[in-house]
Amino acid sequence: MVLNPVLGKLVSKRVVLASASPRRQEILTNVGLRFEVVPSWFKETLEKSSFAAPYEYAVETAKQKALEVANRMHVKHLRTPDVVIGADTIVTVDEQILEKPVDKQDAYRMLSRLNGKEHSVFTGVAIIHCSSKDNQLETEVTDFYEETKVKFSDLSEELLWEYIHSGEPMDKAGGYGIQALGGMLVEYVHGDFLNVVGFPLNHFCKKLAELYYPPSKHNVQHKKYDSIPSVDTFENLSDGESESSNFTEHKGASKLDSSGMCSSEAIYNSENSSSVTTALMVPLENQNGVSESAAKLPSKILELMDGFRASKALFVASKLKIFDHLKDKGPLKAVDIADEVGTSVCGTERLLDACAGLGLLEKTTQGYSNTDSTNTYLTSDGEYSLHGYVIHSNDHLWPLFTNLESAVKEGTRQNHRAFGKKAEDLFKDYYHSQEVKQRFMAAMHSIAHLTARDVATAFDLSRFRSACDLGGCTGALAHELVQIYPNLKVTVFDLPEVIANTSYFQPSGQHTAQVTFVSGDFFKDNLPEADLYILSRVLHDWPDEKIHVLLSKVSAVCKPGCGILLAEMVLDDEKKNRSTALLQSLNMLVQTEGKERSGSEYQALLEQHGFTNVKIRMRGNLLDAILCVKT
Ligand SMILES: O=c1[nH]cc([C@@H]2O[C@H](COP(=O)(O)OP(=O)(O)OP(=O)(O)O)[C@@H](O)[C@H]2O)c(=O)[nH]1
């Protein structure tokens with residue numbers, strides 16, 4: 001994959017995307033970039049007439065978005081990031097700048113202007129390199145823009161309104177999404193398609209190449225980065241740093257084409273790849289050296305068929321604490337690991353090779369060692385350890401999922417089949433078995449800790465003085481909130497059995513005293529008073545009837561102006577787009593009476609209890625956020 005050496009330069013850096021746009025997150029995730037998402041609070045209100053050209057407005061807005069996040073993260077002691085990326089997309093037609101429509105009428109106004117005409121889409125991008133000197137933030141700004149021309153067909157009023165009623169235009173510049181239904185409105189595109197979607201990836205890579213590989217004697221003879229360097233050029237540019245070598249090329253194998261099929265060219269296998277691409281070896285030449293045309297294979301389907309093998313390899317390596325041993329002692333040979341964990345050498349070697357093939361381990365002549373992301377996410381003491389959730393997935397979710405067929409046939413949870421006990425009796429185990437309780441709490445903690453910043457920064461919550469996190473478990477989200485909002489006090493409200501076991505999970509450091517724990521059952525007991533009630537991964541556990549009971553209790557204690565913050569995976573209205581969220585809904589089917597819901601479904605539930613002004617922030621990661629206010 002020729003572009004990866006450039007992106008590889010960011011591997012060891014703390015990269016932050018200052019954008020709430022799920023499309024930008026997806027474009028960058030798809031090429032294997034690892035980053036955190038901290039949406040900018042910069043309001044897009046710069047005076048447009050003060051800019052000589054529309055692209056200058058987009059570039060300045062992108063810059064201000066990124067600088068706001070860099071400053072906020074620095075000031076709030078959230079560890080200064082190395083690189084912050086901001087972007088802003090606008091549409092221009094007849095010398096007018098169109099941003100996101102504020103309502104359906106506004107969307108109609110925009111789409112009518114674009115109807116039958118060619119217009120320009122500009123995305124301004126800012127790449128801010130940050131450092132901290134004497135506790136002062138220092139920034140180096142690189143910015144650029146990209147223009148793409150798009151022409152709309154002549155569209156009927158009826159079609160425009162049908163499109164507007166689909167809901168798609170609302171969070172999109174110019175009121176359309178070219179990547180989805182909006183694509184049907186478009187006659188042609190001249191230029192970078194991804195630029196229209198919200199992020200000019202190609203130009204971004206060229207900028208990184210300029211920044212990280214300044215012209216040397218060798219490449220000055222070539223064109224100066226007005227194109228992406230070729231494979232050879234990249235090899236010449238490589239400075240031999242390990243991050244570049246994470247991106248491995250193998251000749252004579254396969255890569256995915258845009259249709260998801262395989263064609264013969266090159267294998268791409270990187271630990272930074274968001275999805276594991278199944279490597280299907282397709283020889284380019286037969287034994288006589290004659291080229292053969294490689295058969296197209298349904299790689300996506302083959303990958304899905306293999307998915308359970310990959311999951312189980314990860315689970316077993318985690319259960320055996322292989323990643324923990326390698327963190328402390330790696331690199332280690334298979335024989336040494338087998339000795340440490342008490343397993344067979346031949347079985348351990350195959351497991352380790354599989355983990356290396358999946359990008360979880362690195363294999364060298366010295367033996368096996370963890371990748372950076374394995375150290376961060378898969379060791380039990382990693383900064384964002386998911387170890388607890390991996391073990392929960394193996395011990396609890398795996399047996400439930402093996403009964404998925406029955407769950408689908410019967411439409412109910414499968415605890416009785418998976419564990420020989422009804423859900424209620426399992427709950428009693430939870431009360432009585434310290435081991436089961438701790439495993440569950442560790443699982444919930446790992447996801448809450450990983451997603452806490454995303455949830456806490458989805459909206460500006462600084463106007464709230466007190467919050468109550470209902471079902472807040474170990475307080476991971478509460479602690480993140482008080483770091484970000486130092487004037488906030490958070491009460492974590494959960495069952496007595498949970499509260500009694502929270503001490504192990506408590507962080508040290510600033511503002512921890514602002515988090516307190518209160519035990520109770522939110523269906524039965526009085527709720528603590530607060531300006532903001534938080535329900536993170538709670539509503540998806542319950543059917544609508546129970547949610548009404550809970551929301552009416554919250555509504556009864558909420559004063560006007562108080563709010564609810566929900567954190568859930570939000571489905572699109574047609575329930576067809578986000579496979580992770582749709583699979584999560586199956587996950588709720590096998591074990592609860594709940595389900596994942598769409599934004600409109602949550603809105604309807606909330607509005608029935610007097611909560612209005614419902615705002616939804618699709619984060620595109622593990623949790624989305626919904627904020628509403630009691631009127
Ligand atoms: O064809 C498409 N055109 C545009 C989009 C999406 O539109 C928005 C543009 O808005 P903006 O640049 O202000 O970005 P936000 O979404 O508000 O997020 P920030 O937090 O970065 O301000 C952008 O999301 C594009 O992806 C589209 O999807 N298709």
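**Exercise 1. How many bridges join strand β12 to strand β13, and which way do the two strands run relative to each other, parallel or antiparallel?**

Solution. Bear in mind as you work that this is a predicted model.

Step 1. Find β12 at residues 466-470 and β13 at residues 489-494.

Step 2. Count the bridges: there are 5, and the two strands run parallel. As a landmark, look for C468, which stands opposite T491 in β13.

Step 3. Now widen the view. β12 and β13 belong to an open sheet of 7 strands, ordered β14-β13-β12-β15-β16-β18-β17, with mixed pairing. In general, strands of a sheet pair through backbone hydrogen bonds, either parallel or antiparallel.

**Exercise 2. Find the edges of this sheet and explain why one side of each edge strand is left without a neighbour.**

Solution. Step 1. Read the strand order from end to end: it starts with β14 and finishes with β17.

Step 2. β14 (515-519) and β17 (611-617) each have a single partner strand, so one side of each has no neighbour in the sheet.

Step 3. Follow the twist, which averages 20 degrees from one strand to the next.

Step 4. Add the helix: α25 (residues 599-607) lies across β16, β17 and β18, and runs at about 155 degrees to β17.

**Exercise 3. Describe the surroundings of the ligand, beginning with the residues that come nearest.**

Solution. Step 1. The ligand has 21 residues around it, and S19, R24, K65, K100 and V197 come nearest.

Step 2. Sort the shell by character: 7 residues are nonpolar, 6 polar and 8 charged.

Step 3. Look at the ligand's oxygen atoms. A polar side-chain atom of K100 is 2.3 Å from one oxygen atom of the ligand. Backbone atoms take part too: an N or O atom of I178 lies 2.7 Å from a ligand oxygen, and a polar backbone atom of Y176 is 3.3 Å from a ligand oxygen.

Step 4. Check the cover. On its own the ligand has 590 Å² of accessible area, and the protein covers 95% of this.

Step 5. Trace the shell back to its elements. α2 (22-30), β3 (83-93) and α6 (193-197) give two or more residues each, and β3 gives the most, with 3 residues.

**Exercise 4. What is unusual about the backbone at P331 and N135?**

Solution. Step 1. Recall the usual case: most residues other than glycine have a negative phi, and most peptide bonds are trans.

Step 2. The peptide bond from G330 to P331 is cis, with omega near 0 degrees. P331 sits in the loop between α12 and α13.

Step 3. N135 is not a glycine, yet its phi is positive, at about 65 degrees. Look for N135 in the loop between β5 and β6.

Key:
Residues are numbered from 1 along each chain as its sequence is written. This is a predicted model: local features need pLDDT of at least 70, side-chain atom pairs count only at pLDDT 80 or more; totals for chains, interfaces and linings use all residues. Side-chain values use heavy atoms; hydrogens and water are left out. Two strands pair if DSSP finds at least two bridges between them. Helices (H or I, at least four residues) and strands (E, at least two) are DSSP runs, numbered from the N terminus. Axes are lines fitted to C-alpha atoms, for helices over the stretch in contact, and angles run from 0 to 180 degrees between N-to-C directions. Contact means heavy atoms within 4.5 Å. A residue is near a molecule or strand if one of its heavy atoms lies within 4 Å of it. A polar contact is a pair of N or O atoms within 3.5 Å; within protein, one must be able to donate a hydrogen and the other to accept it, and residues adjacent in sequence count only if both atoms are side-chain atoms. Accessible areas come from the Shrake-Rupley method with a 1.4 Å probe; for residues, only the protein chains shown count as cover. Ala, Val, Leu, Ile, Met, Phe, Trp, Tyr, Cys and Pro count as nonpolar, Asp, Glu, Lys and Arg as charged, and the others, Gly among them, as polar.
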